[in-house]
Amino acid sequence: MAATKRVGRQREQLPHCYYEGFLEKRSFEDKASRRLWTCLCGNVLFFYNNTNDNYYVEKLELRGLISLTDDCSRDRNLEAARLILRMEDEEIKITAPSLEARELWKGFISSVVELSVPSSLNLLPGQIHMMRETVETERERLKTLSPTPAAASSSNLYLSLIGDMPACFQPVSRTEAEMILERHSDCGNLLIRPSRDGASLAVTTRQDLNGSVFRHYRVTRKHDGGYAIDVDIPIFCATLHDVINCLVDKTNGTLTPFIMEGPYEESIMFVQANEENGESLQCVPSTPMPPVPVPALPPKPVMPRQTPRLPHQTSMPSEVLLSSGPERKALMPPLVPSVRTPRTSRSTSTDTPDTRLRSITVTSVPPHAVAQTISEELKLKLEKRRAQ
């Protein structure tokens with residue numbers, strides 16, 4: 001968050017002061033550096049014109065701190081050491097009177113922001129102990145700060161919207177949104193982003209008019225449902241998609257949603273260790289994958305066909321049909337000629353056993369039955385001869 005210039009509260013009303021001293025402060029808007037008495041109270045830097053003032057002239061909230069780095073550029077004062085505070089929307093340069101003072105400021109600022117003592121600084125044991133006490137005091141102070149119900153509900157409402165954001169949503173700050181629209185003007189000139197208060201959203205647009213012209217619109221969510229674009233006459237929309245469509249329609253398509261897709265690799269690359277030359281970048285050849293073989297289905301068993309039975313047919317035919325080949329032939333039993341014995345002159349009766357045996361045909365009986373019948377007929381003849 002940018003440093004605000006206003007008459008603040010008295011020192012007695014501020015949180016506990018962890019560290020203080022003179023610093024030279026210069027922001028992007030300042031033409032020259034100013035030497036101010038600086039107090040680190042809680043997670044805020046308060047600036048005073050001198051040590052006896054009860055009211056601060058500027059303050060800098062450290063919640064939006066992105067990085068804290070050294071500035072190695074030379075100063076007119078050879079003992080001075082510079083420091084760069086990179087915030088979400090601006091960059092502030094601070095000059096400490098000595099290298100030791102710069103290390104202390106870096107240590108205390110990092111302690112209240114990260115709630116841990118940094119291990120990369122060159123500090124004495126007593127200074128490290130002071131920073132540990134600072135971390136414990138700041139943790140206790142943050143526990144006593146409970147958010148108001150309105151702020152908590154607004155934060156929950158915002159978190160519930162993450163899954164329903166339009167494609168032009170970008171989680172960036174105001175300054176970063178302007179930079180993105182400036183650098184990637186071919187991807188669109190309208191995006192939606194979180195606002196500074198964290199409880200609402202904002203729309204950033206860019207147009208060319210003798211240079212880049214940026215405009216920002218606040219979008220708030222209503223408790224009874226829907227959204228409102230906060231302009232002179234609020235515009236109510238049902239969803240965030242309707243908010244984007246409304247801005248596009250009202251500008252006759254001049255504003256287009258910002259949609260940027262990152263580049264994709266055209267081949268598979270990987271890093272492989274090489275004992276001779278160290279690590280090397282390898283590229284997988286783009287050869288088509290062999291087709292996956294499809295398992296063959298087992299052949300279906302061939303079921304024998306049955307001859308349909310006619311309605312007037314009461315018994316199965318005597319023919320046996322085989323279904324092993326396409327042509328089916330009826331198998332008939334072998335034809336055996338009828339065995340008849342010559343009649344004798346003595347026989348006068350036509351219904352004797354000998355006559356019945358001779359009249360038997362073998363066309364409808366199996367061969368072994370025919371043989372048995374012949375043998376029985378021969379036995380009867382022998383017994384008659386013996387009887388005579």
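**Helix α2, nonpolar cores and salt bridges**

In helix α2, which covers residues 125-144, the 20 residues should span 28 Å at 1.5 Å a residue, and the end C-alpha atoms lie 30 Å apart, which agrees. The structure described here is a predicted model. The buried residues of α2 are Q127, M131, T134, V135, E138 and R141. Viewed down the axis of α2, these buried residues fall within an arc of 130 degrees, so they line one face of the helix. This face packs against strand β2 (17-26) and helix α1 (99-114). On the other side of α2, the exposed residues are P125, R132, E136, K143 and T144.

In soluble globular proteins, nonpolar side chains tend to be buried together. The largest nonpolar core in this model has 26 residues, and L40, L45, L60, L62, L85 and I109 are the ones that touch the most other members. Two or more residues of this core come from each of β2, β3 (34-41), β4 (44-48), β6 (65-71), β7 (81-87), β8 (91-96) and α1. The largest contribution is that of α1, with 6 residues. The surroundings of L40 can be listed in full. Leaving aside residues up to four places away in sequence, L40 is in contact with H16, C17, Y18, Y19, L45, L62, W105, F108, I109 and V112. Another core lies apart from the largest one; this other core has 18 residues, including L201, V219, L240 and C246.

Side chains of opposite charge can pair when their charged atoms come close. The model contains 12 salt bridges. One of the salt bridges joins R63 to E61, with 2.5 Å between the closest N and O atoms. R63 has a relative accessibility of 61% and therefore counts as exposed, whereas E61, at 14%, counts as buried. A salt bridge also links D208 and R206, with an N to O distance of 2.7 Å. Here the acidic residue is the exposed partner: D208 counts as exposed because its relative accessibility is 58%, while R206, at 9%, counts as buried.

A further salt bridge, between the side chains of E103 and K106, has an N to O distance of 3.7 Å. These two residues are 3 residues apart in helix α1, so about one helical turn separates E103 from K106. Both E103 and K106 are buried. The pair also belongs to a network of salt bridges that links D70, R102, E103 and K106.

The last site considered is N189, which is found in the loop between α4 (174-183) and β9 (190-194). N189 counts as buried because its relative accessibility is 13%, which is under the 20% cut-off. A polar atom of the N189 side chain lies 3.1 Å from the backbone oxygen of T254. Not counting residues up to four places away in sequence, N189 touches L181, T204, T205, R206, T254, L255 and T256. Two of these neighbours appear in the polar interactions described above: T254 provides the backbone oxygen, and R206 forms the salt bridge with D208.

Definitions and conventions:
Residues are numbered from 1 along each chain as its sequence is written. This is a predicted model: local features need pLDDT of at least 70, side-chain atom pairs count only at pLDDT 80 or more; totals for chains, interfaces and linings use all residues. Side-chain values use heavy atoms; hydrogens and water are left out. Helices (H or I, at least four residues) and strands (E, at least two) are DSSP runs, numbered from the N terminus. Buried means under 20% relative accessible area, exposed over 50%, partly exposed in between (1.4 Å probe, protein chains only). A polar contact is a pair of N or O atoms within 3.5 Å; within protein, one must be able to donate a hydrogen and the other to accept it, and residues adjacent in sequence count only if both atoms are side-chain atoms. Contact means heavy atoms within 4.5 Å. The expected span of a helix is 1.5 Å times one less than its number of residues. The arc is that of the directions from the helix axis to the C-beta atoms. A nonpolar core is a set of buried Ala, Val, Leu, Ile, Met, Phe, Trp, Tyr and Cys residues joined through side-chain atoms within 4.5 Å. A salt bridge is a side-chain nitrogen of Lys or Arg within 4 Å of a carboxyl oxygen of Asp or Glu.
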